[in-house]
Amino acid sequence: MAIIKARPFDFDLDRDHAALIIIDMQRDFVEPGGFGETLGNKVALLQAIIPATARLLAAFRAAGLPVIHTRECHRPDLSDCPPAKRERGKPSLRIGDPGHMGRILISGEPGADIIPQLYPVDGEIVLDKPGKGAFYATPLGELLAERKIRQLVFAGVTTEVCVQTTMREANDRGFECLLATDATESYFPEFKQAAIDMITAQGAIVGWAATVDQIVEALD
Ligand code: C5J
């Protein structure tokens, strides 16, 4: 066990049963011209976490621990995109519309792919998910069970949407969840802070939170 100084109390990292999961660090959310920007958001906020997230990823790779990447995207025929999701709000481009990086949030299009700075390498799991949570309509639960993973370190975007939803799903399934606070971001900084507070309140009711430095130190 390696002890990580975390909120609200120490997290005992069990290296034999832990994995890093990076949620939706896709061009469509992080780069100009993608889905995030079409919704009126400032993507520069999300770009700021790339160096810290890359450091966390490098530390997991160096330690030989499993890494999972997720991508929120849909089939080209939109059969897995509920109309209620596609039609909600007033984005300048909707899911499936042609944009600067191909069709918005469609599997196989450049915008739906992971940003180059965090690009998966051979042996890492890459999961496409149609929902906010990474367990819904994906084989994530089975893949983690096969690998005997019981702890998940979370990074990615956005904190209060896909990251928090997946943490809650994982927590309900019995995983111990640790959020890397400077490797996650929201288009709304106050929502990020509120999500971290909600996750760690009441004795880690959803999970723990620690900085990338604190996590990397424990992996050394
Ligand atoms: C959103 C996500 N915010 N990955 N997706 O629509 O958090």
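Here are some notes on this predicted model, going from the overall build to a few local spots.

1. **Overall build.** The protein chain has 9 helices and 10 strands. Along the principal axes, its C-alpha atoms fill a box of roughly 50 × 35 × 30 Å. A compact globule of 220 residues would have a radius of gyration near 17 Å, and the protein chain comes in at 16 Å, which agrees.

2. **Around the ligand.** Which residues surround the ligand? They are Asp24, Phe29, Glu72, Val157, Thr158, Val161 and Cys162. Sorted by class, this shell has 4 nonpolar residues, 1 polar and 2 charged.

3. **The Val157–Thr158 bond.** Have a look at the backbone here, since two residues of the ligand shell, Val157 and Thr158, are joined by a cis peptide bond with omega at about -15 degrees. Thr158 sits in the loop between strand 8 (151-157) and helix 7. Helix 7 itself covers residues 159-172, and the ligand shell also includes Val161 and Cys162.

4. **Helix 7 against helix 8.** How do these two helices pack? Helix 7 (residues 159-172) meets helix 8 (residues 189-204) at an angle of about 20 degrees, and their axes are 10 Å apart. Angles under 35 degrees count as roughly parallel, so helix 7 is roughly parallel to helix 8. The crossing of the pair is right-handed.

5. **Who touches whom.** On the helix 7 side, the contact is made by Thr159, Glu160, Gln164 and Met167. Helix 8 brings Phe191, Lys192, Ala194, Ala195 and Ile199. By class, that contact between helix 7 and helix 8 has 5 nonpolar, 2 polar and 2 charged residues.

6. **Another cis bond, at Pro8.** If you scroll back towards the start of the chain, the peptide bond from Arg7 to Pro8 is cis as well, with omega near -5 degrees. Pro8 belongs to the loop between strand 1 (2-4) and strand 2 (11-13).

7. **Leu105.** What is the sign of phi at Leu105, positive or negative? Phi of Leu105 is positive, near 55 degrees, in a residue other than glycine. As for where to find Leu105, it lies in the loop between strand 6 (102-103) and strand 7 (125-129).

8. **Places to click on.** For a quick tour, try the cis bond between Val157 and Thr158, the cis bond from Arg7 to Pro8 and the positive phi of Leu105. Each of Thr158, Pro8 and Leu105 is in a loop.

Terms used: Residues are numbered from 1 along each chain as its sequence is written. This is a predicted model: local features need pLDDT of at least 70, side-chain atom pairs count only at pLDDT 80 or more; totals for chains, interfaces and linings use all residues. Axes are lines fitted to C-alpha atoms, for helices over the stretch in contact, and angles run from 0 to 180 degrees between N-to-C directions. Helices (H or I, at least four residues) and strands (E, at least two) are DSSP runs, numbered from the N terminus. Angles under 35 degrees count as roughly parallel, over 145 as roughly antiparallel, 65 to 115 as roughly perpendicular and the rest as oblique. A crossing is left-handed if the near helix is turned anticlockwise from the far one by less than a right angle, and right-handed if clockwise. Two residues are in contact if their C-beta atoms, placed from the backbone, lie within 7 Å. Ala, Val, Leu, Ile, Met, Phe, Trp, Tyr, Cys and Pro count as nonpolar, Asp, Glu, Lys and Arg as charged, and the others, Gly among them, as polar. A residue is near a molecule or strand if its C-beta atom, placed from the backbone, lies within 6 Å of it. The radius of gyration is taken over C-alpha atoms; the globule rule is 2.2 Å times the number of residues to the power 0.38.
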